[in-house]
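Student: I would like to take a close look at a single helix and its surroundings. Could you please guide me through one part of this model in a connected way?

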Amino acid sequence: MARIHFISGLPRSGSTLLAALLRQNPRFHAGMSGPLAGMVGALLAEMSGRNEFSLFIDDAQRQRVVRGLFDNYYADCSAEVIVDTSRAWCARIGAMAQLFPDAKVIACVRHVPWIIDSIERVIQRNAFSPSSIFNYSPGGTVYTRANGVAGSDGLLGYAYDALKGAFYSEHADRLLLMQYETLTTDPARVLKAIYEFLGEPAFTHDTDHVDYDATAFDHRAGTPGLHTVRPRVAAIERNTILPPDLFRRFENDAFWRDPKLNPRGVRIV
């Protein structure tokens, strides 16, 4: 089977853009967040003690079943390197380390208030199309939406907690944090660091012509434009649409920016 690696981290932080770039390399397969992490969770739940027949299933069998899920899901993929994307992979970094001892996790991060800003922009842009992010509810305010996504089971809060768990875990050596700000201002540096981290030969990417289409998925989620990738990698300067107090609330959450908070020496680019 191909070598397996993962893209994880925070939402609205460049995971789809990174996948779109990596897939330019014919040796790689990558894409937006997919169903595999959820399927792993469902399988583990069904093989847990809540199933009366779990008495007949040991950990070795559980690992083989989950590994078989990967093998079958990607059975038609001819790429040498598969990079699967999900915010849940940081939460499952220990399990993946057992299944795939050589696997690495690229965790996408971004200054947190700009993540909230980016989500709010998408919601306001699609004012007549309630989003799956908020269970298709058309109500709420910018504050309730921020509270919702930042909660421990929210789009951002879950991913943030999972990232922190991986960052301080014994598996932190298989983690690379990719800052959205670096990707959009110096993509060549980011890609060089990623290839070195994965132990793969360098590849020349075309950052002026990037293509990825998730239109059908975004429309079904009631959030057109959620995974839109601009054709050219570049930083876009803009003012926030968040109220100042809401922006300030999240301003100090980028723990990865403080070297004193990185005791395991996680690589950050």
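**Helix α1 and its surroundings**

Tutor: In this predicted model, helix α1 is mostly covered, as eight of its eight residues are buried. These buried residues are Ser15, Thr16, Leu17, Leu18, Ala19, Ala20, Leu21 and Leu22. Just ahead of the helix lies a loop, which runs between β1 (3-9) and α1 (15-22) and holds Arg12. Arg12 has a positive phi of about 55°, although it is not a glycine. In general, most residues other than glycine have a negative phi. Arg12 is partly exposed because its relative accessible area is 23%, and buried would require a value under 20%.

A second helix, α5 (residues 112-125), may be read alongside α1. Ten of the 14 residues of α5 are buried, so this helix is largely enclosed by the rest of the structure. The buried residues of α5 include Val112, Pro113, Ile115 and Ile116, and also among them are Asp117, Ser118 and Glu120. What covers the buried residues of α5 includes α6 (142-150), α7 (155-167) and α11 (244-249). The length of α5 can be checked too: at 1.5 Å a residue, its 14 residues should span 20 Å, and its end C-alpha atoms are 20 Å apart, which agrees.

The surface offers another view. Phe53, Leu55 and Phe56 form a nonpolar patch there, with about 410 Å² of accessible area together. Of these residues, Phe53 is placed in the loop between α2 (36-46) and α3 (59-73).

Key:
Residues numbered from 1 in each chain as written. Predicted model: local features only at pLDDT ≥ 70, side-chain atom pairs only at ≥ 80, totals over all residues. Heavy atoms only, no water. Helix = DSSP H or I, 4+ residues; strand = E, 2+ residues; numbered from the N terminus. Buried < 20%, exposed > 50% of the residue type's maximum accessible area, 1.4 Å probe, protein only. Expected span 1.5 Å × (residues − 1). Contact = heavy atoms within 4.5 Å. Patch = residues over 30% accessible without salt bridge, like charges linked within 9 Å, V, L, I, M, F, W, Y side chains within 5 Å. Areas by Shrake-Rupley, 256 points an atom, 1.4 Å probe, with all protein chains shown as cover. Salt bridge = Lys/Arg side-chain N within 4 Å of Asp/Glu carboxyl O.
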